[in-house]
Amino acid sequence: MRTTVYNSILVQQSVTQAARVNGTVNGTAIDLWSNSVGRQVFGGALAIVQTGTITDGTHTVEVQESDDNSSFTAVADADLQGSEPAIGAANDNVVYEIGYRGAKRYIRVTVVTSGATTGGIFGAVLALGIPRRRPVAHS
């Protein structure tokens, strides 16, 4: 079988694209491991954050990880590629990429918004890659 991007990655939504004002949005956690086998299925991930119109405030992005899908902590800088952005009004319609190369089972994107009156529109997906088996099953 010919290797393609489609059969090598799986994209999952973490933060739904929406307008947000002050507060914290914890994205949906994504499982990098197989539930039935109990070992890692994907060797890494790419967090992709896309902005729409950002009118004001600061929207600070953080990639978090967990062993149990309950207690999440910030991913250590050594396990990230690229930097987690602080998005402001000058960042309309921008795509940010943050690589994850850690070893935890669950990851998610979290965004903390502060200092906003009207806020901004943004969302995030996680592209899971480096699969143990190809092709990756898509639903």
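Visitor: What makes aspartate 67 exposed?

Guide: Its relative accessible area is 52%, and exposed means over 50%, with buried under 20% and partly exposed in between (1.4 Å probe, protein chains only). So aspartate 67 counts as exposed. Keep in mind that this is a predicted model, where local features need pLDDT of at least 70 and side-chain atom pairs count only at pLDDT 80 or more, while totals for chains, interfaces and linings use all residues. Residues are numbered from 1 along each chain as its sequence is written, and side-chain values use heavy atoms, leaving out hydrogens and water.

Visitor: Why is the pair of lysine 104 and aspartate 67 called a salt bridge?

Guide: The N to O distance is 3.1 Å. The term asks for a side-chain nitrogen of Lys or Arg within 4 Å of a carboxyl oxygen of Asp or Glu, so the pair qualifies.

Visitor: How many salt bridges turn up in the whole structure?

Guide: A search finds 2. Arginine 105 also pairs with aspartate 31, the closest N and O atoms being 3.0 Å apart.

Visitor: Why is arginine 105 called buried?

Guide: Arginine 105 has 17% relative accessibility, and the cut-off is under 20%, so buried fits. Aspartate 31, at 22%, is partly exposed.

Visitor: How do you know that asparagine 22 makes a polar contact with glycine 115?

Guide: The asparagine 22 side chain reaches the backbone nitrogen of glycine 115 at 3.1 Å. A polar contact is a pair of N or O atoms within 3.5 Å (within protein, one must be able to donate a hydrogen and the other to accept it, and residues adjacent in sequence count only if both atoms are side-chain atoms), so this one counts.
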